[in-house]
Structure formats: structure tokens, C-alpha cells
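Biologist: This structure is new to me. Could you take me through it and explain how each term is justified?

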Amino acid sequence: MKQILTVLSFTFRDAVRKKAFLISTIIIAVAILILCAIPRFAGLFAGAISEDGSKDNISDSFCYYEDSANLIPGGMEYLAKSFPGIQFKPLEEDAEAFRQKIADSDHLSLIVVTEENGLPSITLTAKDFMSGSMTGLSASSVSDILTKAYISSIMEQEGVEQSTIDLLSSPLPVISDTVGNMNITGYVVGIVLTFLMFFAVYYYGYGVSMSIATEKTSRVMETLVVSAKPSRILIGKCLAMGLVGLAQFAGLLLWAGILYKFLIPTGATLMGIPLTLDGFTPKIVLYLVLYFILGYSLYAVLNSVCGATVSKIEDLQSAMLPVTLIVLVSFYLGYFSAAMGMTDSSLVQSIAMYLPFSAPFSMPFKLLNGSISDWQVLLSLGLMVVAIILISLLSIRFYTASVLHYGKRMSLRKLFDRSR
């Protein structure tokens, strides 16, 4: 145990002093600050200041309307009621000349109503197809609203009572109901957690192989082997990099929690998505931490062997290629099952849940969005523990056989022969 703690202490201090650790921590912390500040600044600039100093919700999006023949009476008023975030104004200049202004601005659009085959024809002009995505102004929505306005005007001309027109123009109430646990917030957060888990497992696992390869090429490993058994070195280094990862992520999560508390307004939304952490119950947080620890451990013991088999740092990438392929395939299996919203017990989702290599990337999304029982989570975690034990025993033998080998990188077959 003393040997393990000695290696752990040495590796931990060396890792946290490196510029890569400090720079990555600062960059991620700044990125979290910017993301948390967006809703706050969006709220500050969402409104305009009126003459009396109060803030109103005047939008900076303008849509100009032209219906010279009055083919759709009251059309602009209908649009203004349907799109309160857009200011509608009558066009007082040539439509063709105004198109150039639209090309130079993201906040201008134009609706022109002309006659074609005895019926109104509607043309919506915007800078590009993304211009109306934030306000909902699209050709189909404009057509629906102006069609209702046109039909209402026709019925009014035919003497239909206004109460009947209002009844026919009123949309039927509709309620969107779901029986599953997935919502837009859980979906987005689940995808983000999948990427974060991949980054953490890959980055810190790579740190293990880099640490071992660096010490081996600098001959520091020879000193370590004299004072500690190779198996103790392997365990100490894996534990050290795991603690580095936990310390960095715990600090960043604490930083994010503080910023969320003081910067995110209550009830804030981003592109219509409510910003809430209600889905993170203590049990789910515990499961997420366990999947990070076990996922890291699984790939760390694999990466440690890769670092021990090389004699030059330049050979590390090629030595890690098999492990890199495993982690990429496993990540994409978990990511695609999450991106496609698979929260049921389909074959793909079941493989991603229970396969030890892909479980760390699949289960965060499943925990937030799926109906999953505790026994399924415990079974998935248990399979990971078994896989870690078996791979660790094999990795320790490989590590012991290759850690003091210099020269040409050992082939997998030779590594098997020497580890017997």
C-alpha cells in the first residue's frame, strides 16, 4: 500500500503542475462563465428603454408589409397579433429596392401580397432560411395566418355574423402529452453529458499512457521499478490520474453551480429550452460519478499498457490505436442511441447499456431520460466492475512484461509470450 501511495503522490503532483492541466482548467472555466452569462446578458438587452425609462419588449426584428390592392383586408393586423416579437410596418418604398436592404440585414423581412389567378399570392422575402428561425416567421406560418384573414374577409362580405367568423377562425385546443420521461431539457443535457463523459474518460486515460511513456523514455521508470513493484506502479498511476480528473471536474462543477446560482435568472430559457437542474437528483448524480470512475478505470488500465510498450514518445499514438478504436466505437454506439432518443429496451440500447466499454457513454442519457430501474443500473455497473478486474489482471501482466523493454516496440504476440 505504501508503494501505491508513493507512486500516486508523485504522479498526482506532477499532473496538476503541468501547463496542460492548468490551461485546460482555465479554458473550461471561462467557457462555463460565458455560457452562464448568456441568459443574463440576453435578459438585459432583450428589451428597449422607452421615453419614461421603463423597459418594454420592443423587438429589433422588422417585417414590412405590402398589399397595394388590399386583397387581404386587415392582413398586417393579423400578423402583428400572431407574431408579437416582430414589428410589422407598411412598406413605403419600392419592393425591389428594399430587397437589397434585406440582403444586408438579419433583422429585416418583407411580405408582399399580389393577385394571381384571381386569388391572393403571398411572397415572403428574408435574408436566408435561418432569419426567421428565432421568431417563427416562415412561409408556412405566414400563409396559414393570412389564409385565415382572407377567408374571414370573404365570409364577412357574404354577411356571415362576426361571432361565427370568430368561431371558425379559432384554433381547437390541443395538449401535447407524453408518457415517457424524456423532455427537451433532459435530451440536450443528456447529449452534453455523453460528450463530457467521452472527453473525461479519453483525456485522463490518455494522461496515464503519456505519464508512463514519458517516465519510461526518460529512464525514471527504472528508478520507480527499484522502489516499487510494476503492479503497484500501474495501480498508483491509474489512481492518481483518476483523482486528478475527479478534482478538476469537481472544481468545475462547483464553479458551474455558483455561476448558475448567481447568473442564471429564475425561469430563464435559452431558445425556448428551460434552464433547470431538476433532473439531477442525488441518486442520478451518484450513478454518474460511478460511471465516470468505472469508465475511466476501464480505459486507464488499457492505456497504461500502451504507454509501457513504447520506447519513444513518437510511437505512443500508434500504440494507442487499438484502444482509441475501441473507445471511438463505444462512444458512437452510446451517442447514436442517445441522439436517436432510444430510451427503451431496444437491441441497440441494451447493447450500449450493458457492454462495459459503451456503458459510460450510454447510461448518462438513459439515466436522465429513460425509465430505468435500479437493478438495470446495478447490473450495468456490475458488468463494468467484472470487466475492470479481468482486464486489470491481464494489463498488470502485460505491463510487468513490457515496462523495462527498450528498443523496437513489442508486438502483441510477443507481449503475450513474455507475460506467461
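Biologist: What phi does Gly159 take, just after helix 5?

Modeller: Gly159 takes a positive phi of about 90° there. The model is predicted, with residues numbered from 1 along each chain as its sequence is written; local features need pLDDT (the predictor's confidence in each residue, from 0 to 100) of at least 70, and side-chain atom pairs count only at pLDDT 80 or more, while totals for chains, interfaces and linings use all residues. Side-chain values use heavy atoms, without hydrogens or water.

Biologist: What makes a stretch such as residues 139-157 a helix?

Modeller: Helices are DSSP runs of H or I with at least four residues, strands runs of E with at least two, both numbered from the N terminus. Helix 5 has 19 residues. Its first and last C-alpha atoms are 27 Å apart, close to the 27 Å expected at 1.5 Å a residue (the expected span is 1.5 Å times one less than the number of residues). In all, the chain has 16 helices and eight strands.

Biologist: Which residues of helix 5 are buried, and what covers them?

Modeller: Ser141, Val142, Ile145, Leu146, Ala149, Ser152, Ser153 and Met155 are buried, that is, under 20% relative accessible area (exposed is over 50%, partly exposed in between, with a 1.4 Å probe and protein chains only). Their cover includes strand 3, helix 3, strand 5, strand 6 and helix 6. Of the 420 residues of the chain, 39% count as buried.

Biologist: Why is Asn70 called partly exposed?

Modeller: Asn70 has 49% relative accessibility, so it counts as partly exposed. This residue is in the loop between strand 3 and helix 3, and has a positive phi of about 50° although it is not a glycine.

Biologist: Why is Asn117 called exposed?

Modeller: The relative accessible area of Asn117 is 74%, so Asn117 is exposed. Its place is the loop between strand 5 and strand 6; its phi is positive, about 55°, although Asn117 is not a glycine.

Biologist: How many aromatic pairs does the structure hold, and why is the pair of Tyr299 and Phe361 called tilted?

Modeller: The search of the whole structure gives 14. Rings of Phe, Tyr and Trp (its six-membered ring) pair if their centres lie within 6.5 Å; planes under 30 degrees apart are stacked, over 60 edge-to-face, and the rest tilted. Tyr299 and Phe361 have ring centres 6.2 Å apart and planes at 35°, so this pair is tilted. The two residues are 62 apart in the chain, Tyr299 in helix 10 and Phe361 in helix 14, and both are buried.

Biologist: What makes the pair of Phe331 and Phe361 edge-to-face?

Modeller: The ring centres of Phe331 and Phe361 are 6.0 Å apart and the planes stand at 85°, so the pair is edge-to-face. Phe331 lies in helix 12 and Phe361 in helix 14, so the pair ties together parts 30 residues apart in sequence. Ring pairs join these residues to a cluster that also includes Phe195, Tyr335 and Phe357.

Biologist: Which residues does Phe361 contact, apart from neighbours within four places in sequence?

Modeller: They are Thr194, Met197, Phe198, Val201, Tyr299, Val327, Ser330, Phe331 and Gly334; contact means heavy atoms within 4.5 Å. Val327, Ser330, Phe331 and Gly334 are among the buried residues of helix 12.

Biologist: What is the largest nonpolar core, and which element gives the largest share of it?

Modeller: A nonpolar core is a set of buried Ala, Val, Leu, Ile, Met, Phe, Trp, Tyr and Cys residues joined through side-chain atoms within 4.5 Å. The largest has 54 residues, and those with the most contacts inside it are Tyr291, Tyr299, Phe361, Leu367 and Val377. Helix 10 gives the largest share, 14 residues. A second, separate core of 16 residues includes Ile72, Phe83, Ile145 and Ala149.

Biologist: Where in the chain is confidence lowest, and where is it highest?

Modeller: The lowest is strand 1, at a mean of 40, and the highest is strand 3, at 92. Over residues 46-58 the pLDDT is below 50, although this stretch has 13 contacts in the model beyond near neighbours in sequence. The chain averages a pLDDT of 77, and 76% of the residues score at least 70.
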